[in-house]
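Student: I would like a close look at one part of this model. Please take the contacts between chains and between domains, and go through them piece by piece.

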Amino acid sequence: MPNRLRLRGEEGRAYWSMVLPAFSIYLLVMAFPIVLSIVLSVSNYDGGKMFGGDPWGFAGFKAYARVFSDPLFWNALKNNAYIVLMSVFGQLPLGFIFAYIIYRKLVKWPGFWQGVLYVPNIISVIVVGLLWQTIFSPNGPIAEVMNSIARAGFQSRLEAILAGVGSLDISDDHVRKILDLAGPAALEWFTDPVPELKELIQSYSGAPMQELLNDLCNLFVQRWSPEFLSKSNVAMLPILFVLLWMYTGMYLILFLANMQKIDAQIIEAARIDGASEWQVMRCIILPSLSGTIVNSAILAISGSLSSFSLIFAMTGGGPSRVTEILSIYMYNNAFLGRPNLPLANAISLIMVVISFFLIVLTKLAEKRYGGKED
Amino acid sequence: MGEEIRTTVAGRVGSSIARSAAYGMMILFTGMTLYPIFWLIMNSFKSTKEFQVSQLAFPAEPTMSNYVEAWKMGDFALLFPNSIVYTVGATLGIVFVSLLAGFAFAKISSRATKPIYNGFVIGILITAQSLMIPLFLEVNLLGIYNTRIAVLLVYIGTGLPLGVYLSTEYIKSIPNALIESARIDGATFFSIFRKIVVPMSLPVAVTLSILNISNIWNEFALINILVSRTELKSLPLGIFKFSGSLSTDYGKQFAALTIGMVPMLLFYIVFRKQITKGVAAGAVKG
């Protein structure tokens with residue numbers, strides 16, 4: 001009996017010395033901040049020393065009232081919802097289709113496609129954000145491509161008009177055609193367009209044709225300058241696109257890994273019995289992936305809560321705060337301008353509550369679809 | 001026979017139209033994935049002047065000077081070692097602490113296991129980013145703002161929920177008989193951990209390391225609020241510096257982005273199989 005007691009004691013000591021390192025770090029990094037955000041969200045703490053500084057105390061639920069009456073909060077929540085919708089209706093179906101193509105061997109080199117499509121996941125989000133910010137910028141490659149296409153089109157039509165006509169013997173008719181081509185904006189350059197342009201063209205006599213064409217293009221082709229990230233009504237679209245670009249590969253891997261667990265013989269048997277490919281997909285593959293699909297949707301929601309870095313790098317929440325998501329809205333309230341810490345902590349807690357809601361959802365899904373998949 | 005079935009199935013799956021469509025789609029999307037990265041690397045070898053002339057052409061006079069200058073301006077000689085310390089330190093910490101706790105949860109019965117273990121599992125779905133502000137305040141309260149220890153603690157803490165979950169589930173599969181016979185031979189729990197559990201848990205340790213190495217190396221949101229001194233910053237923070245006033249200096253910005261991207265690309269090329277497996281195991285969790 002004493003021997004047994006001693007054993008229990010050793011077991012207990014071993015148990016706690018093994019659990020405590022993890023448990024205490026976990027309390028410090030995850031649990032305590034949650035408690036802190038609860039306390040501070042109902043306080044009037046506004047920075048400075050937490051103990052021994054200016055006294056602070058209970059201030060009621062003012063911060064929550066302010067959050068819920070702030071249009072910027074609803075805007076941020078809406079952007080989170082956009083990200084979730086884009087995941088569920090963009091990343092998931094695309095990832096599923098890619099996985100299906102690879103799984104059913106419609107293409108060769110399965111490892112290659114899978115490997116390449118996952119690459120954006122492995123790159124730092126900051127790198128991805130700054131890269132695409134440049135691509136979408138008014139001077140970026142998209143603008144360059146569009147402008148050179150527009151210019152080439154204009155030049156070829158210009159050449160058609162001037163074909164066989166020297167610059168000296170150009171007629172008013174030709175000049176009018178050029179002006180028509182250039183559109184109304186071109187008229188701003190001249191007070192009396194036809195004779196002035198004619199004179200201008202005639203001054204090129206002797207010079208190579210290409211020079212005239214170049215200068216006319218420079219004069220008349222309007223440079224298109226895309227403002228994807230600085231126009232408030234479209235600024236979310238590039239962000240959603242980049243998220244699609246980044247994370248579709250992850251869903252591809254998830255779906256493929258779980259498709260590969262399906263017994264291939266079932267599919268072969270079904271095909272031999274005359275099932276069409278569509279029936280195989282609908283009656284075998286989709287049902288066995290239902291758990292994965294639900295898990296992926298949950299992942300999409302938690303992913304939208306953690307898209308801070310990408311948006312921080314691409315727009316910082318701008319222009320005029322329209323691309324804020326909850327985490328950026330929280331960050332800006334804590335660090336931009338006059339910090340409002342109770343407000344920021346209230347937002348933090350709201351995000352934690354959304355996470356808890358996800359956990360409940362996961363548990364329900366587990367019950368419904370039976371067991372975890374790993 | 002099996003071969004025959006496979007060919008008939010494959011034959012019917014892949015009408016030539018379906019196959020061409022599949023190839024078309026794959027080529028389109030892999031092209032869209034790779035081209036921006038290729039474009040970035042290509043332009044990192046151009047002078048800003050050449051970049052402004054044409055962003056799509058190959059560099060006519062490739063130059064390394066962007067790299068030299070970006071390396072200096074971004075203080076990458078400082079940040080690179082920092083990133084390595086944070087990544088290696090936190091990953092080792094997560095793996096070790098998770099395996100310890102996982103062993104206790106899986107193999108030593110205690111009434112404390114259920115509530116504590118469930119606490120960890122709940123943490124898997126709590127995004128650490130949502131705790132940014134209280135974490136910032138806590139770190140200031142404890143007087144460890146601008147210290148390496150704060151960064152390491154936060155990284156280990158955020159990695160623990162998944163770490164403990166995967167470790168516990170894995171160690172449960174180690175046969176009890178192994179551990180019991182070692183106990184009867186008089187081994188302590190710690191020597192069992194060292195001699196039996198750790199060697200047998202290598203696969204889950206690898207999965208955890210792979211998942212955490214890329215996460216921590218690329219992490220930005222949390223370290224952004226934990227340190228402000230250059231000597232303590234990590235690579236993503238240094239790269240972010242190139243977005244503000246330096247963003248028009250395209251050559252240097254691209255060089256900095258490439259410097260930030262290459263280590264993880266190499267890591268991915270070497271460990272692609274394990275990374276893919278780890279993602280599939282780690283992302284679908286209960």
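Tutor: Here is a walk through the interface of the two chains, then the one between the domains of chain B.

This is a predicted model, where local features need pLDDT of at least 70, side-chain atom pairs count only at pLDDT 80 or more, and totals for chains, interfaces and linings use all residues. Residues are numbered from 1 along each chain as its sequence is written, chains are lettered from A and ligands numbered from 1 in the order in which they are written, and side-chain values use heavy atoms, with hydrogens and water left out.

Start with the two chains. Chain B brings 97 residues to the contact and chain A brings 105. Contact here means heavy atoms within 4.5 Å. The buried area is about 9,300 Å². That is the accessible area (1.4 Å probe) that two parts lose on being put together, summed over both. Carbon and sulfur atoms give 76% of it.

Now the polar side. The rule finds one salt bridge across this interface. A salt bridge needs a side-chain nitrogen of Lys or Arg within 4 Å of a carboxyl oxygen of Asp or Glu. R183(B) and E10(A) form it, at 3.4 Å from N to O. Polar contacts add up to 17 residue pairs, both at pLDDT 80 or more. Each needs a pair of N or O atoms within 3.5 Å; within protein, one must be able to donate a hydrogen and the other to accept it, and residues adjacent in sequence count only if both atoms are side-chain atoms. On the chain B side, 66 residues are nonpolar, 24 polar and seven charged. Nonpolar covers Ala, Val, Leu, Ile, Met, Phe, Trp, Tyr, Cys and Pro; charged covers Asp, Glu, Lys and Arg; the others, Gly among them, are polar.

Next, look inside chain B. Domain 1 spans 2-64 and domain 2 spans 67-283. These bounds come from an automatic or database domain assignment. The C-alpha centres of the two domains lie 32 Å apart. Eleven residues of domain 1 touch eleven of domain 2. About 970 Å² is buried between them, 74% of it from carbon and sulfur atoms. L40(B), S44(B) and M64(B) supply 47% of the area that domain 1 buries here, more than any other three residues.

The rule finds zero salt bridges between these domains. Four residue pairs are in polar contact, both at pLDDT 80 or more. The domain 1 side divides into seven nonpolar residues, three polar and one charged.
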